[in-house]
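How do the strands pair, what fills the core, and where do the cysteines sit? This report takes these topics in turn.

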Amino acid sequence: MGFRFAQGLVLLQAIACVVEVSLANKGWDSHTYPYNHSSAPKRFTVGGSQHWQFGVNYTDWSLKSAPFYFNDTLVFKYDPPSNTTFRHSVSLLPNLRSFLNCDLKKAKLIANQTQGGGNGFEFVLKKKNKKKPYYFVCGERNGFHCKVGIMKFAVAPLLRPRPF
(Lines give C-alpha, C1' and ligand atoms only; values in the text may rest on other atoms or scores of the structure.)
Protein backbone atom coordinates (compact mmCIF):
# COMPACT_ATOMS: atom_id res chain seq x y z
CA MET A 1 0.00 0.00 0.00
CA GLY A 2 1.96 3.10 1.14
CA PHE A 3 3.30 5.90 -0.98
CA ARG A 4 5.70 5.24 -3.78
CA PHE A 5 8.72 7.49 -4.11
CA ALA A 6 7.19 9.54 -6.97
CA GLN A 7 3.98 10.06 -4.99
CA GLY A 8 6.08 11.24 -2.05
CA LEU A 9 7.85 13.78 -4.25
CA VAL A 10 4.54 15.10 -5.56
CA LEU A 11 3.25 15.35 -1.99
CA LEU A 12 6.35 17.28 -0.90
CA GLN A 13 6.03 19.61 -3.90
CA ALA A 14 2.38 20.30 -3.07
CA ILE A 15 3.18 20.99 0.59
CA ALA A 16 5.97 23.35 -0.48
CA CYS A 17 3.50 25.09 -2.80
CA VAL A 18 0.98 25.58 0.03
CA VAL A 19 3.71 26.93 2.31
CA GLU A 20 4.89 29.25 -0.47
CA VAL A 21 1.32 30.51 -0.93
CA SER A 22 1.22 31.29 2.78
CA LEU A 23 4.57 33.01 2.95
CA ALA A 24 4.76 34.81 -0.38
CA ASN A 25 4.73 38.54 0.06
CA LYS A 26 5.57 40.90 -2.77
CA GLY A 27 7.74 43.85 -1.78
CA TRP A 28 8.25 42.63 1.77
CA ASP A 29 11.48 43.68 3.39
CA SER A 30 12.64 44.74 6.83
CA HIS A 31 12.32 48.44 5.99
CA THR A 32 8.66 48.39 5.00
CA TYR A 33 7.14 45.69 7.22
CA PRO A 34 4.51 46.08 8.65
CA TYR A 35 3.73 49.45 7.10
CA ASN A 36 2.88 48.02 3.70
CA HIS A 37 -0.04 46.04 5.14
CA SER A 38 -3.56 47.28 5.60
CA SER A 39 -5.53 45.94 8.52
CA ALA A 40 -8.64 45.85 6.33
CA PRO A 41 -9.61 42.60 4.59
CA LYS A 42 -9.06 42.54 0.82
CA ARG A 43 -11.09 41.20 -2.10
CA PHE A 44 -9.42 39.04 -4.73
CA THR A 45 -11.04 38.11 -8.04
CA VAL A 46 -9.85 34.54 -8.57
CA GLY A 47 -7.78 34.44 -11.76
CA GLY A 48 -7.67 38.23 -11.99
CA SER A 49 -9.05 39.46 -15.33
CA GLN A 50 -9.26 35.87 -16.62
CA HIS A 51 -11.73 34.91 -13.89
CA TRP A 52 -12.56 31.22 -13.18
CA GLN A 53 -12.19 29.40 -16.48
CA PHE A 54 -10.71 26.27 -18.02
CA GLY A 55 -6.95 26.36 -18.75
CA VAL A 56 -5.83 29.14 -16.38
CA ASN A 57 -3.05 28.20 -13.93
CA TYR A 58 -4.68 29.11 -10.62
CA THR A 59 -1.76 27.87 -8.52
CA ASP A 60 0.40 30.42 -10.32
CA TRP A 61 -2.27 33.10 -9.80
CA SER A 62 -2.48 32.34 -6.07
CA LEU A 63 1.30 32.49 -5.67
CA LYS A 64 1.42 35.88 -7.41
CA SER A 65 -1.58 37.22 -5.44
CA ALA A 66 -0.44 36.02 -2.01
CA PRO A 67 -0.38 36.59 0.86
CA PHE A 68 -3.97 35.86 1.78
CA TYR A 69 -5.21 36.66 5.26
CA PHE A 70 -8.17 35.56 7.33
CA ASN A 71 -11.31 37.55 6.45
CA ASP A 72 -10.07 38.28 2.92
CA THR A 73 -12.69 37.50 0.27
CA LEU A 74 -12.16 35.40 -2.85
CA VAL A 75 -14.56 36.25 -5.67
CA PHE A 76 -15.18 33.50 -8.22
CA LYS A 77 -16.55 34.90 -11.50
CA TYR A 78 -17.58 32.60 -14.32
CA ASP A 79 -20.13 32.55 -17.10
CA PRO A 80 -23.48 30.95 -16.36
CA PRO A 81 -24.23 27.75 -18.31
CA SER A 82 -24.89 28.24 -22.03
CA ASN A 83 -24.35 26.49 -25.34
CA THR A 84 -21.09 28.38 -25.91
CA THR A 85 -19.34 28.15 -22.51
CA PHE A 86 -18.05 25.42 -20.24
CA ARG A 87 -20.04 24.90 -17.07
CA HIS A 88 -18.09 25.71 -13.90
CA SER A 89 -18.63 25.44 -10.18
CA VAL A 90 -16.51 25.77 -7.04
CA SER A 91 -15.89 22.99 -4.54
CA LEU A 92 -13.70 22.57 -1.48
CA LEU A 93 -11.67 19.41 -1.04
CA PRO A 94 -10.97 18.07 2.45
CA ASN A 95 -7.27 17.29 2.20
CA LEU A 96 -4.06 17.44 0.18
CA ARG A 97 -4.40 13.92 -1.22
CA SER A 98 -7.84 14.71 -2.68
CA PHE A 99 -6.44 17.97 -4.04
CA LEU A 100 -3.44 16.35 -5.73
CA ASN A 101 -5.59 13.66 -7.33
CA CYS A 102 -8.61 15.87 -8.07
CA ASP A 103 -10.62 13.29 -6.14
CA LEU A 104 -14.11 14.74 -5.76
CA LYS A 105 -15.63 11.93 -3.64
CA LYS A 106 -15.59 14.07 -0.48
CA ALA A 107 -15.82 17.47 -2.19
CA LYS A 108 -18.16 20.08 -0.76
CA LEU A 109 -19.93 22.18 -3.40
CA ILE A 110 -19.78 25.83 -2.33
CA ALA A 111 -20.92 27.52 -5.58
CA ASN A 112 -23.07 25.90 -8.26
CA GLN A 113 -22.98 26.52 -12.01
CA THR A 114 -25.02 29.72 -11.85
CA GLN A 115 -23.56 31.43 -8.77
CA GLY A 116 -20.45 32.76 -10.54
CA GLY A 117 -22.40 35.02 -12.90
CA GLY A 118 -22.83 38.76 -12.45
CA ASN A 119 -20.78 39.96 -9.47
CA GLY A 120 -19.59 36.40 -8.81
CA PHE A 121 -19.63 34.09 -5.82
CA GLU A 122 -17.87 35.40 -2.72
CA PHE A 123 -16.02 33.17 -0.27
CA VAL A 124 -14.60 34.65 2.95
CA LEU A 125 -11.48 32.97 4.35
CA LYS A 126 -12.62 32.22 7.90
CA LYS A 127 -10.48 31.25 10.84
CA LYS A 128 -12.81 28.78 12.59
CA ASN A 129 -11.18 25.45 11.63
CA LYS A 130 -8.10 26.63 9.84
CA LYS A 131 -5.12 24.68 10.91
CA LYS A 132 -5.18 23.46 7.30
CA PRO A 133 -5.37 25.14 3.88
CA TYR A 134 -8.44 25.63 1.76
CA TYR A 135 -8.33 23.45 -1.37
CA PHE A 136 -10.46 24.97 -4.15
CA VAL A 137 -11.36 23.11 -7.36
CA CYS A 138 -13.82 23.20 -10.21
CA GLY A 139 -15.86 20.06 -9.74
CA GLU A 140 -17.35 19.86 -13.21
CA ARG A 141 -17.06 16.88 -15.56
CA ASN A 142 -16.14 14.51 -12.74
CA GLY A 143 -12.83 16.25 -12.05
CA PHE A 144 -11.78 16.84 -15.65
CA HIS A 145 -11.61 20.64 -15.16
CA CYS A 146 -9.43 20.10 -12.10
CA LYS A 147 -7.13 17.50 -13.67
CA VAL A 148 -6.77 18.75 -17.23
CA GLY A 149 -7.92 22.37 -17.01
CA ILE A 150 -5.82 22.99 -13.87
CA MET A 151 -8.79 24.66 -12.21
CA LYS A 152 -7.51 24.22 -8.68
CA PHE A 153 -5.47 26.08 -6.09
CA ALA A 154 -4.76 26.04 -2.37
CA VAL A 155 -4.83 28.95 0.06
CA ALA A 156 -3.38 28.87 3.56
CA PRO A 157 -4.53 32.17 5.11
CA LEU A 158 -2.38 33.95 7.66
CA LEU A 159 -3.21 36.11 10.61
CA ARG A 160 -3.22 39.72 9.48
CA PRO A 161 -0.29 41.71 10.89
CA ARG A 162 -1.27 44.63 13.05
CA PRO A 163 -0.03 48.01 11.83
CA PHE A 164 1.99 49.99 14.34
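Two strands pair if DSSP finds at least two bridges between them. Strands (E, at least two residues) and helices (H or I, at least four) are DSSP runs, numbered from the N terminus. The model is predicted: local features need pLDDT of at least 70, side-chain atom pairs count only at pLDDT 80 or more, and totals for chains, interfaces and linings use all residues. Residues are numbered from 1 along each chain as its sequence is written, and side-chain values use heavy atoms, with hydrogens and water left out.

**Sheet and strand pairs**

Four strands make an open sheet, in the order 4-3-6-7, with antiparallel pairing. Strand 4 and strand 7 are the edges: each has a single partner strand, so one side of each lacks a neighbour in the sheet. On average, neighbouring strands of this sheet are turned by 30 degrees against each other, direction ignored. Axes here are lines fitted to C-alpha atoms, for helices over the stretch in contact, and angles run from 0 to 180 degrees between N-to-C directions.

Three strand pairs are listed below.

| Strands | Sense | Bridges | Bridge partners or opposite residues |
|---|---|---|---|
| Strand 3 and strand 6 | antiparallel | three | serine 91 and valine 137 |
| Strand 1 and strand 2 | parallel | three | arginine 43 and threonine 73 |
| Strand 2 and strand 5 | antiparallel | four | threonine 73 and valine 124 |

Strand 1 covers residues 43-45. From strand 1 the chain passes through helix 2 to strand 2, a right-handed β-α-β crossover. Right-handed means that, with the strands pointing away from the viewer, the path from the first strand over the helix to the second runs clockwise.

**Strand 2 and the core**

Strand 2 is covered on both faces: Thr73 and Val75 on one side, Leu74 and Phe76 on the other, are all buried. Buried means under 20% relative accessible area, exposed over 50%, and partly exposed in between (1.4 Å probe, protein chains only).

Which residues have the most contacts inside the largest nonpolar core? They are Trp52, Leu74, Phe76, Phe123, Phe136 and Phe153, in a core of 24 residues. Elements that give two or more residues to this core include helix 2 (58-65), strand 2 (73-76) and strand 5 (121-124). Apart from it lies another core, of nine residues, among them Leu104, Tyr135, Val137 and Ala154. A nonpolar core is a set of buried Ala, Val, Leu, Ile, Met, Phe, Trp, Tyr and Cys residues joined through side-chain atoms within 4.5 Å.

Leucine 74 belongs to strand 2. Its relative accessible area is 0%. Beyond its neighbours within four places in sequence, leucine 74 has contacts (heavy atoms within 4.5 Å) that include Phe44, Trp61, Phe123, Phe136 and Phe153. Leucine 74 and glycine 120 are 46 residues apart in sequence, yet 9.6 Å apart in space, C-alpha to C-alpha.

**Cysteines**

There is one disulfide, counted as a pair of cysteine sulfur atoms within 2.5 Å. Cysteine 102 and cysteine 146 form it, with sulfur atoms 2.1 Å apart. The link is left-handed, at -75 degrees about the S-S bond. Cysteine 102 lies in the loop between helix 3 (96-101) and strand 4, and cysteine 146 in helix 4 (residues 144-147), so the pair ties together parts 44 residues apart in sequence. Both cysteine 102 and cysteine 146 are buried.

Cysteine 138 is in no disulfide; the nearest cysteine sulfur, that of cysteine 146, is 8.4 Å away. At 0% relative accessibility, cysteine 138 is buried too.
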